[in-house]
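These are my notes on internal cavities, the nonpolar core and one buried polar side chain. I set down each item as I looked it up.

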Amino acid sequence: MPDEPYTPTHSPARAIPRPAAGPARSEASGTGTALTTPPPPPTAQAAPPPPAATGRGVTGPGATEPGVAGRGVTEPGATEPGATEPGVTGPGVAGPGDAPGRVWLTRLLVVGLVLAALNLRPAITSLGALLEEVRTGLHMSGGVAGLLTSVPPLCFAVFGIAAPRLARRFGPAAVVCAGMAAIAVGVAVRPFAGGTPGFLAASALALMGIALSNVLMPVIVKRYFPDRVGTMTGLYSMALALGTSLAAAVTVPLTAALGGAWQTGLAVWSVLAVLAVLPWIPVVRDHRTAARPAAPASTPHTAPTTPPAPPTPPEARTAPPTRAADAPAAPEAPGSTGTPAHASAPAPAPASAPRIPAPAAAAPRITRSRTAWALACFFGLQATGAYITMGWLPQIFRDAGVPAGTAGVLLAVTMVMGVPLAFVIPRVAGRMRQQGPIVVGLGLSGLAGYAGLLTAPASGAWLWAILLGVSNCAFPLALTMIGMRARTGAGVVRLSAFAQCAGYLLSVPGPILVGALYQHSGGWTAPLALMAGLMVPQVAAGVLAGRDRTVEDGK
């Protein structure tokens with residue numbers, strides 16, 4: 001005979017409350033109620049049953065509806081298994097009522113990523129287009145100009161190492177938002193700071209914001225778009241390349257249209273950074289709202305915080321009480337109705353019980369990983385070539401007789417090659433177990449471009465710009481490999497910070513050395529030979545970093 005919940009009959013005063021451990025079997029006789037079996041004392045985990053409700057809301061093994069065996073009806077708004085919690089793993093839908101808000105937040109995140117990526121290079125490439133005017137206006141020597149072109153990787157190395165700690169303290173979205181604000185202030189102030197020291201200090205402020213955002217971009221993609229890492233990496237890499245080429249192409253004509261002052265031509269890019277701040281503000285607010293503890297609902301059909309215990313089987317009601325600490329664990333059989341296999345087995349976890357996260361895996365020892373070091377070397381060598389190109393390529397063309405406006409457009413062509421390739425390469429690399437063939441192809445393109453600049457810089461200028469643009473797409477490839485060489489979110493954060501900080505630190509001497517060689521030799525033969533020679537170790541490090549292994553494996 002199936003168990004029936006105890007129901008008081010004609011005399012409520014004589015009704016015996018149902019025990020917490022399960023409903024007692026009763027027989028109605030006349031006007032009173034008699035218990036055929038005394039109820040066992042409640043166990044330590046038992047919770048008093050909730051008051052009867054006429055609607056849906058009780059969730060647990062003991063609360064069932066007709067036709068539902070052993071499982072209750074999930075309360076509307078409760079988090080289902082597999083639902084994404086906002087602010088934790090992504091902007092997923094947490095409940096039916098939250099779906100519009102989650103979709104809106106996802107779109108805002110995409111806009112924020114694109115605008116942030118657009119601002120990660122104009123502070124650098126706009127300066128490269130006007131470097132001759134800035135050198136004249138600030139009375140810089142070639143060595144100081146080389147130092148100026150080395151400030152970006154130096155700042156990326158120094159400030160990027162603080163990104164993981166700041167992200168843990170404030171959240172990655174808040175740090176990126178603050179980074180965009182720093183870019184806006186630094187770019188707006190540096191042309192009017194007065195003198196080389198003030199120019200360098202304001203540039204360092206803008207580059208600090210770029211450094212923090214550089215490190216956290218892969219983290220945000222991995223956190224909010226874990227199933228679209230390749231696509232989203234390609235999207236923001238494409239936006240980064242677009243911003244780089246846009247600043248290189250339009251800075252010179254924009255400066256002429258605004259009156260011809262190089263100060264105005266550099267400061268105007270702060271407007272783009274201000275626009276990038278706006279979409280991150282609601283994202284940060286949503287993250288802080290989701291991080292607050294939820295208030296208990298006051299509706300009459302709210303599910304209880306402690307689910308009721310399952311009913312006790314009839315054969316166990318006369319058994320002596322068993323302490324919870326002595327009860328052996330017995331998993332529920334698949335397809336069962338929620339009734340334990342024996343009296344001493346603990347109740348299975350109800351469907352709506354809070355999910356207890358598993359302990360976090362130990363953080364990988366990044367500094368002992370050969371893959372991490374190879375990736376850092378690859379990142380640093382490609383950054384060396386990229387910042388030499390952004391800082392000195394227009395000057396190389398101008399010294400070869402190319403007009404200043406055309407030299408800026410050639411730099412833009414070099415940068416714009418990354419727009420389509422930065423979207424394609426991460427997707428292709430994500431489908432490959434080893435990325436070495438892509439590394440080799442990009443290296444050969446760079447060697448051909450430097451050889452062309454050395455032999456015929458003016459006559460084949462457009463071809464050399466295209467080849468160097470293809471070679472510069474090693475940057476989105478390096479970002480993709482950062483996401484692929486770690487299995488966990490913590491591993492991606494640590495690997496991203498290590499590879500970028502160590503890599504940018506490695507790239508600092510390159511632009512300085514090129515500037516010094518240019519000043520002392522009076523030409524570009526020695527600097528271009530150095531740039532071509534650096535492609536060889538870049539390819540070797542990239543092949544090692546592209547092997548199919550992760551830093552969690554200790555390799």
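Entry 1, the second largest cavity. I began here and found about 140 Å³ of space in the second largest cavity. Its lining has 15 residues, and those closest to the centre are Ile124, Leu127, Leu148, Thr149 and Pro152. I note that the model is a predicted one. I then asked which elements each supply at least two residues of this lining. They are α2 (122-129), α4 (142-160), α7 (195-224) and α12. By class, I recorded 10 nonpolar, four polar and one charged residues in the lining of the second largest cavity.

Entry 2, the largest cavity. I looked up the count of cavities of 30 Å³ or more, and it comes to 10. The largest cavity holds about 250 Å³ of space. I listed the residues closest to its centre, out of 20 that line it: Leu240, Ala386, Met415, Asn472 and Phe475. Two or more lining residues come from each of α8 (229-257), α12 (370-399), α13 (404-416), α14 (418-430) and α17 (474-484). Which element gives the most to this lining? I found that α12 does, with five residues. The lining of the largest cavity divides by class into 12 nonpolar, seven polar and one charged residues.

Entry 3, the nonpolar core. I turned to the largest nonpolar core, which has 125 residues. Within this core, the residues with the most contacts are Val134, Trp280, Leu453 and Leu477. The largest share of the core comes from α12, at 15 residues. I thus met α12 in the linings of both cavities and again in this core. For Val134, I set aside neighbours within four places in sequence and noted contacts with Leu127, His139, Met140, Phe199, Trp262 and Leu266. Among these partners, Leu127 is also one of the residues closest to the centre of the second largest cavity.

Entry 4, Asn119. I located Asn119 in the loop between α1 (99-118) and α2. Is Asn119 buried or exposed? I classed Asn119 as buried because its relative accessibility is 2%, and the cut-off for buried is under 20%. What does its side chain reach at 2.8 Å? I identified the backbone oxygen of Leu115. A polar atom of the Asn119 side chain also lies 3.3 Å from the backbone oxygen of Leu272. Leaving aside neighbours within four places in sequence, I listed the contacts of Asn119 as Met180, Ile183, Ile210, Trp269, Leu272, Ala273 and Ala276. Leu272 therefore appears both in this contact list and as a backbone partner of the side chain, given that a polar contact is a pair of N or O atoms within 3.5 Å.

Definitions and conventions
Residues numbered from 1 in each chain as written. Predicted model: local features only at pLDDT ≥ 70, side-chain atom pairs only at ≥ 80, totals over all residues. Heavy atoms only, no water. 1 Å grid on protein atoms, 1.4 Å probe; cavity = no way out; pocket = protein on both sides within 12 Å on 5 of 7 lines; lining within 4 Å. Points joined across faces, edges and corners; volume = space filled by probe spheres on them. Nonpolar A, V, L, I, M, F, W, Y, C, P; charged D, E, K, R; others polar. Core = buried A, V, L, I, M, F, W, Y, C linked by side-chain atoms within 4.5 Å. Buried < 20%, exposed > 50% of the residue type's maximum accessible area, 1.4 Å probe, protein only. Contact = heavy atoms within 4.5 Å. Polar contact = N/O pair within 3.5 Å; in protein donor to acceptor, adjacent residues only side chain to side chain.
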